[in-house]
Protein chains: 2
Amino acid sequence: MALVNEHLLKLPNNHFLLNMEKKINTFKVTHPKAHLISLGTGDVTRPLPQASIDAMHKAIDEMGCIDSFHGYAPEQGYSFLTEAILKHDYAARGVSLEPGEIFINDGTKREVGDIGDLLRHDNSIGVTTPICPIYIVANVTYGRAGTPQPDGTWSNVVYLPCLPENNFIPQIPSQRIDIIYLSFPNNPTGAVITKNELKKWVNYAIANDTLIMYDAAYEAYIQDPDLPHSIYEIKGAKKVAIEFRSFSKTAGFTGVRCGYTVIPKELTAGTLAGQRISLNELWKRRIAARNNGVSYITQRAAEAIYSPEGKKQIKETIAYYMHNAQILKEGLSHAGLQIYGGEHAPYLWIRIPERTTAWKFFEQLLYEAQTIVTPGTGFGPEGENYIRLSTFAKYEECQEAVRRIRKCI
Amino acid sequence: MALVNEHLLKLPNNHFLLNMEKKINTFKVTHPKAHLISLGTGDVTRPLPQASIDAMHKAIDEMGCIDSFHGYAPEQGYSFLTEAILKHDYAARGVSLEPGEIFINDGTKREVGDIGDLLRHDNSIGVTTPICPIYIVANVTYGRAGTPQPDGTWSNVVYLPCLPENNFIPQIPSQRIDIIYLSFPNNPTGAVITKNELKKWVNYAIANDTLIMYDAAYEAYIQDPDLPHSIYEIKGAKKVAIEFRSFSKTAGFTGVRCGYTVIPKELTAGTLAGQRISLNELWKRRIAARNNGVSYITQRAAEAIYSPEGKKQIKETIAYYMHNAQILKEGLSHAGLQIYGGEHAPYLWIRIPERTTAWKFFEQLLYEAQTIVTPGTGFGPEGENYIRLSTFAKYEECQEAVRRIRKCI
């Protein structure tokens, strides 16, 4: 008899999102004429940059001619894209990386999970909390997260609380943890980390032989030039960190699928016998064995965002979303809500009024302001007293949402 | 200290392909003026069907407008594509499947590996041999293949020889095996399986509670209407088989990346405690947790191959490659070589002359016929006396290759 991987049975059955959908659908059925505004989704809404559109049209025509047709892509990505990344995302910020350290992929959610193949099932895991669930579920498949507890936590995961008291930057843990997930700008809190704070984490990782998984998917939203976009802006980080970058939120690629992973050649992890293994080499072997590269057309679309026009266009889109953030933050602050984030990230993390719960406040906003938000509990127990607003709606909708929410609270 | 997954260290380091590349490069350096013909690659060369080109241009324009923009795709795929698949690939052959049983993915190589997440690390594995290496390496990551042996086999894998004596259709094993990989039309042998033969496998699987992984990536090359394109043409197969399909060789999508997996709702595997688990449900949970869908543009390209123009165009391309197969098969048979395959598959499996080895014959053809082929050893020890020719080159090159090879042997 073929036996299933029983770790997978522990995966959350999407209860949270299904519950949210169910409540929204109930509202829609009972209020067929209502115009709902969604500030709940983490998905973008603005069109792709014209530079990417143009590049894809061109790439497609190439695929229609025998002399310019492209078959299997190089597993690690085309050099035209890798070179653009090295130059614009890293060299421009003083970080020197080699082409062989960049791995083009079809998006961070999948990659964060797949990269777990590199690691033993019994490494200990540390995550910030509240947390985007992908970092934990990525580890469930391998049994690495342990078992789910009645309070919604996992037995083998160390939680590092991010609270207003610590400015949503977790304290350095007192114990050793094998693998730590960090993500700044953060989803859902919108928090950013300074170079000084990030340095403490790199030093911790060096001292404890910890592997940092650094998700910088929202780095393009950083407004302050002094804040780090990459963990490699910190000395020594190449020895301890893998970095994930995505074109999803930078260039509206959620429906196109492209991102990349940086695995520096200096980065190693150990075998039980104490041998040090290059994770770059090991990942190369893993993708050669299991992957077949990312669409040529998609990689050309990604390359185009580094052109002068592309850069300008993505800057405009990000400015649009950040203007939304400002409208929402200002408008709702005036309504007396305590709001975090929204300055270097497309998310607002909002403390809900006392004597209510995240789900109750969600329902209040749904029924009284006809506005969809995300209850903080979707990001773990630490989110119980919060809701998350995303800033990916239309500008006019954000304005209207402010009006409606102010009226109802 | 973060510990690596030591199973990955057992992955073959691409020695075979690197060795092949090295020998070819040596030839090129010493023969700078030679015009090499490649019959070695499994990659396609004909342009994409015009229907897909047109569909992608349209889809890209949609992505450039706010009102027709598409963000995250449904994890399981867009219904426009799923419906086209159900209608044209299954209903047309009398197979009834539901939309929820189709999972759109970005290619079979990756999917065959990922699907292994569903299964315990200690299931036993059976593969046909010679074999395309992806089925085995897919299991190495999980430790399921066991350890590599000096003769190139893996300790936990049962090998089912495919030889001229059995028409390259393996014998039903005498022992129980938990998971068996079958692929017809076959790479590298080009063999096909009849409904009667396939029925024996389905019956074996039902009797032994075996899970069949059926790779039908080359079904579009089948010329005989009586041969099965899908394992579900056999009664009872929905209880025991997962099927993989790919647009890579059907429509030239190797550089576009799209395929699909069928996991019937009736299909189950067990827990240690004996509970039956729906693999369809479990895979749904796995992809909801770890994937973010396939590019909208790519899915529109795939949908277009089911249009009347698309169907006509892919038929023409396949006819082109099959004409190449005919040229090569006829021409080289006349040279006295024993040739298998090439009738319902884009591969010829050629018995090498006596008193030579696959690598020696490879070198002879490289130096004397300036033609690249693949030594059969790339498909396991069973390939020692064979070379594989693919039929994806230009027609004129196939003609010329025949001339050159006939001259040199």
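1. In this predicted model, the buried residues of helix H9 of chain A are A:Tyr296, A:Ile297, A:Thr298, A:Gln299, A:Ala301, A:Ala302 and A:Ala304. Because seven of the nine residues in this helix, which runs over residues 296-304, are buried, the helix is largely enclosed by the rest of the structure.

2. The cover over the buried residues of H9(A) includes, from chain A, helix H2 (50-63), helix H3 (79-90), strand S2 (102-105) and helix H10 (308-334), together with helix H2 (50-63) of chain B. At the N-terminal end of H9(A), A:Ser295 acts as a cap, with a side-chain oxygen placed 3.2 Å from the backbone nitrogen of A:Ile297.

3. The UniProt annotation "binding site", taken from an unreviewed entry, covers A:Tyr72, A:Thr108, A:Lys109, A:Asn187, A:Tyr218, A:Ser246, A:Phe247, A:Ser248, A:Arg257 and A:Asn292. These residues span 221 residues in sequence, and their farthest two C-alpha atoms are 34.3 Å apart, so they do not all gather at one spot. Of these annotated residues, A:Arg257 is included in the lining of the largest cavity.

4. Among the annotated positions, A:Thr108 belongs to helix H4 (residues 108-114) of chain A and is buried, its relative accessible area being 8%. Leaving aside residues up to four places away in sequence, A:Thr108 touches A:Asp215, A:Phe244, A:Arg245 and A:Ser246.

5. A:Ser248, also covered by the annotation, lies in helix H7 (residues 248-251) of chain A and is buried, with a relative accessible area of 5%. With residues up to four places away in sequence again not counted, A:Ser248 touches A:Val44, A:Phe253, A:Thr254, A:Arg257 and A:Cys258.

Key: Residues are numbered from 1 along each chain as its sequence is written. Chains are lettered from A and ligands numbered from 1 in the order in which they are written. This is a predicted model: local features need pLDDT of at least 70, side-chain atom pairs count only at pLDDT 80 or more; totals for chains, interfaces and linings use all residues. Side-chain values use heavy atoms; hydrogens and water are left out. UniProt positions are given in the numbering used here, feature names are shortened, and annotations may be inferred rather than shown by experiment. On a 1 Å grid over the protein atoms alone, a cavity is a set of points where a 1.4 Å probe fits but cannot get out, and a pocket is an open set with protein on both sides within 12 Å along at least five of seven lines; lining residues have an atom within 4 Å of a point. Helices (H or I, at least four residues) and strands (E, at least two) are DSSP runs, numbered from the N terminus. Buried means under 20% relative accessible area, exposed over 50%, partly exposed in between (1.4 Å probe, protein chains only). Contact means heavy atoms within 4.5 Å. A polar contact is a pair of N or O atoms within 3.5 Å; within protein, one must be able to donate a hydrogen and the other to accept it, and residues adjacent in sequence count only if both atoms are side-chain atoms.
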